Amino acid sequence: MKISAYKIILMILSVILSSVVWLYVMFVMDVDGRATVREIKVNLEGQETLASRGLSVIYCRPEITLTFIGRRTDLVKLDKNTVSVSLDVSDVISPNRYARSHTEINYPEGFNASSVAIEYTPAASQIDFLVDKTDTKVVPVRINSNINVIEGYTYDPPIADPSAIRVNGPETILDSISYAEIWLDERDIDRTVERQMRYTLMDADGEKIEVDSRITLDCLPQEINVTVPVHKTKTVMLDVEIRDGGGVSADDVSYRIEPESIVIKGDAAVLEGINSLLLRTIELSRVMGSRSFDVIIPLPNDCENLSGENVATVYVEITGVQARALNVTNIDYINAEIPEGHDINFVTKSMTVSVRGPESLVEAVEPYNVRVVADLAGLTLAPGQMTVPAAVYIDGFGNRVGAVNDNRDYSVTLEIAPIRDDENGEPDDEP
């Protein structure tokens, strides 16, 4: 539908008339009015003076509302972007909560402040702020946990890393903080757990520290690495190795171990191939009759004994054999690198050797069947006396008769001495 020229003219005249009326009211009549400006920014002054007293403004109401009264031509120039207020805090001398009015209003440049009046509304124009001393406090981290592992596993107490945090903030609030608490809930776990977790600040009575939302506490770090070490558990037997010797074999020996087994914990991959722990090797050539051995229980790497028994006792008993002592003079050496111009003389001329085996065979052994031999391979031979280990061999009886020496080795003493002249006893200089 077309608009007639007549209507267009009427519309233009209406706009012109309205503008004229508005200009008349504003500039001719210019009546008084009210303008409420919200979200007016608050600027703090005098904070340097406050800091010299060891104080600081912890929080301050950032914005207020003011109502201005004046001519409309002035009021239209005032809004939250052109008006701000200042608050001087340099006269504050002690920590406290304060409620004050602004100390100055900042108007737009060139604005005549006397052209308007302020209609105060205390609830809207009052500036609330808190002044306190700030400090840093270190508090421990505590973990409250509810942990459950599947059968065949165990866990160590949770570990917090770091074990303490640093809190920076108002001194009055820091005084009430006792520790940082973490709640950990893990169920049916079978491997080590690691979590990055946040914490709650608590007081000495176990209550949460409630902090005004306008107050900021700087806490470092903000998250704690919590680890729950989880280990496989396993019952393993204790065992010994029996090494034949001294005329007896493992068939002639009975033994028992107390305890028979222990429970250990460790990495599942490590424990998977372990069914027993070897305590020690028992050389039967060093055992006569019945003996007991106390042995520290060895553990695989990074494993722990959960049974609490760190020492095992091995009881060994040899039966069905007889021992006999013989005085032996057949003493010799092998593999000696003798210094030039010297010879080896045995200080040990004879020694007592115990032979063991079935009674009928032991009675048949004569001293000439027994040889005592010192193997000097790898030894540096220097002039003087030295005591060296010796092995005992019994010829003609195989393994059924052997030498035995209770928990020690046989040894002989020899002397490396210059070769002597047969006629006058002087050293022989000839090669």
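Guide: Lys and Arg count as positive, Asp and Glu as negative; His and the chain ends are left out. A charge sits at NZ of Lys, CZ of Arg, CG of Asp or CD of Glu. This model is predicted: local features need pLDDT of at least 70, side-chain atom pairs need 80 or more, and totals use all residues. Numbering starts from 1 along each chain, and side-chain values use heavy atoms, without hydrogens and water.

Visitor: How far apart do the centres of the positive and negative side chains lie?

Guide: The protein chain has 38 positive side chains. Its negative side chains number 68. The centres of the two sets are separated by 16 Å.

Visitor: Is the protein chain a compact globule or more spread out?

Guide: The chain has 7 helices and 32 strands (DSSP runs of H or I, at least four residues, and of E, at least two). For 431 residues the globule rule (2.2 Å times the residue number to the power 0.38, for C-alpha atoms) gives 22 Å. The radius of gyration is 50 Å, well over that value, so compared with a compact globule the chain is more spread out.

Visitor: What does the C-alpha trace span along its principal axes?

Guide: Take one pair of residues: Arg-187 and Lys-7 are 180 residues apart along the chain, and their C-alpha atoms are 82 Å apart. Along the principal axes, the whole trace spans about 155 × 60 × 55 Å.

Visitor: Which residues does Arg-187 touch, beyond four places away in sequence?

Guide: Arg-187 belongs to strand S13, residues 179–189. A contact means heavy atoms within 4.5 Å. Setting aside residues up to four places away, Arg-187 touches Asn-146 and Asn-148.

Visitor: Is Thr-348 buried or exposed?

Guide: Thr-348 sits in the loop between strand S27 (342–346) and strand S28 (351–357). Beyond four places in sequence, it touches Ile-331, Val-412 and Thr-413. Its relative accessible area is 17% (under 20% is buried, over 50% exposed, partly exposed in between; 1.4 Å probe, protein chains only), so Thr-348 is buried.

Visitor: Where does Pro-221 lie?

Guide: The peptide bond from Leu-220 to Pro-221 is cis, with omega near -10°. As for its place, Pro-221 is in the loop between strand S16 (218–220) and strand S17 (224–228).

Visitor: What is the relative accessible area of Glu-39?

Guide: Glu-39 lies in strand S1, residues 32–45. Its phi is near 60°, a positive value in a residue other than glycine. Glu-39 is partly exposed, with a relative accessible area of 41%.

Visitor: And what is the relative accessible area of Asn-335?

Guide: Asn-335 is in the loop between strand S26 (331–334) and S27. Its phi, near 55°, is positive too. Asn-335 is partly exposed, and its relative accessible area is 48%.
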